[in-house]
Amino acid sequence: MYAEMVLYNGIIRTQQEAQPCVSALAVRGSRVAALGADEDIRALLAPKGEAIDLEGRLVIPGLTDAHVHLSHYASLLHEVDLTQSHSAQQAAQQVAERARQLPAGEWVRGRGWSQERWQDRAFPTAAVLDSLIPHHPVYLVAQSGHAAWVNSLALQLAHVDSQTPDPPGGRIARDAAGNPSGVLFESAMELVSRVMPEPSPEQIAEEVKAAIARAHRSGLTGVHDFDGALAFRAYQMLRERGELTLRIVKNIPLDLLDHAIALGLRWGFGDDLLRIGGVKMFADGALGPRTAWMIEPYVGEPENYGICTLDPEEMREHVSRASVAGLPAAIHAIGDRAVHHVLNVYEAVRAEEALRGVPPERMRHRIEHVQLIHPQDAPRLGQLGVIASMQPNHALSDMEMAERYWGDRCDFAYNWRLQIDAGAMLALGSDAPIEPIEPLPNIQAAVTRRRPDGAPGPLGWRSGLEGRGRLSVEEAVRSFTLGPAYAAGMEHRLGRLAPGYLADLVVLERDIYTCDPMLIGATAVLGTMVGGKWVHRLF
């Protein structure tokens, strides 16, 4: 057996029990051919093969982000980035600057504002935008992705006025006179977004190519995507052209479930680059706009329990139908009440599956985010065989806001340790573009529960006794490799470096297993390989 490429003189963390750490690895075609000592592996190199000296660098399996909105992330690179705005006025000025570059009447889009970063913490109004951008409709998505800030022209084009009722699962912010004030929550966002011109799949494909290159530079070899049908068409175009270098698990929006069932699409259909995942549903909103569905009200807001965006009985019906059709569910749930009802739904559907002889490992249901869980529900994901799809970077962004609105319930917030201890499979991700897509800062967040500036202290935020709530580096890396591989049904060929597995790997400038954990996020990615081919290389 000859190898086309050999990497040697490295620290290669394989994540397999038989050979947990080796110095050399051989690649043949798209797969790992062998691992072991330098001398043994170099002897396998074909006469014209390539031998690469790692010079003592760390190699880990390719990293997979278990929750992204890839086409939205790609669009963000071309929209107004409001993540650094410190007031509504400053954000509006940024939007006005972009509007001056566009013809009158063209939509101005942006993303990333959060009233929690502003001194008054007040939701913005259309009037702030109207005074600076009177001739362009404006649509600005909040950092949470669960609210939109629009100007009056956008409301007029969408025919949203004082007589427009709140849609099911949504709310229109209104002034004292009952007129729309400029912020739309949850499903109310669609009142305006549906009148906006859609980009073509070709446009999305070109934008996504740039996003994929950025993902590779950060060490990502795969993602689980939660965008819509247009994004799926764009990914297929890239696949057909041979331009898709990022492995994508494409989850199906709930509104396309009937179409998926009619077509007979099943979980895992596709290939190792582009394949079908589960059915994405929303049980509630988010913490930022305070629409996450709660058992007890938000601190200081005794009437606010958040928003239920999908009735639990309807949810059960959808999950049951999807399961019968061979599609697991991936349900967004952030508030503890939402998580509770999703678990109830999964418990009922698991009983149905058992009667059909379907074990949990054949129907890999997920909860997306699990940001707050009631103590009594903490062990249930593990008991039910439900995957915990969580995003450590949310904890760093939300910790102050969570303390403000959830109080001591935060002991059970963003708590990935609870899920590991309960036996749940943990699959970590970024939720880009809500948060940056880069995985190493996210791994640092999981390991330290601290912001890059060290806040809130050495043990991290709400980390429990002796900081036990933090993950080890090994646990965090496994949750960006083996966890997503299991969630995709690819654990027998992805997530570790072993003979016969796909040759997806990352070369790092320092050993993140032994360095100061606060340096993990700043570690340079020197090389990213997908299927035996370098998609990013600096050494």
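**A walk around helix 3 and two cis prolines**

Hi everyone, let's start with helix 3, where the buried residues (under 20% relative accessible area, with a 1.4 Å probe and protein chains only) are Ala88, Ala91, Ala92, Val95, Ala96 and Ala99. They sit on the same side of helix 3, because they cover an arc of only 140° around the axis, taken from the directions from the helix axis to the C-beta atoms. In general, an α-helix has 3.6 residues a turn, so residues three or four places apart point the same way.

A word on the source: this is a predicted model, where local features need pLDDT of at least 70, side-chain atom pairs count only at pLDDT 80 or more, and totals for chains, interfaces and linings use all residues. Residues are numbered from 1 along each chain as its sequence is written, and side-chain values use heavy atoms, with hydrogens and water left out.

Helices here are DSSP runs of H or I with at least four residues, and strands are runs of E with at least two, numbered from the N terminus. What covers that buried side of helix 3, by contact (heavy atoms within 4.5 Å), includes strand 10 (108-113) and helix 4 (126-130).

Now, which peptide bond has omega near 10°? That is the cis bond from Ala432 to Pro433, and Pro433 lies in the loop between strand 21 (426-428) and helix 15 (439-448). Another cis bond runs from Ala455 to Pro456, with omega near 5°. Pro456 is in the loop between helix 15 and helix 16.

That loop also holds Arg462, whose phi is positive, near 45°, though Arg462 is a residue other than glycine. Thanks for listening!

Conventions:
Buried means under 20% relative accessible area, exposed over 50%, partly exposed in between (1.4 Å probe, protein chains only).
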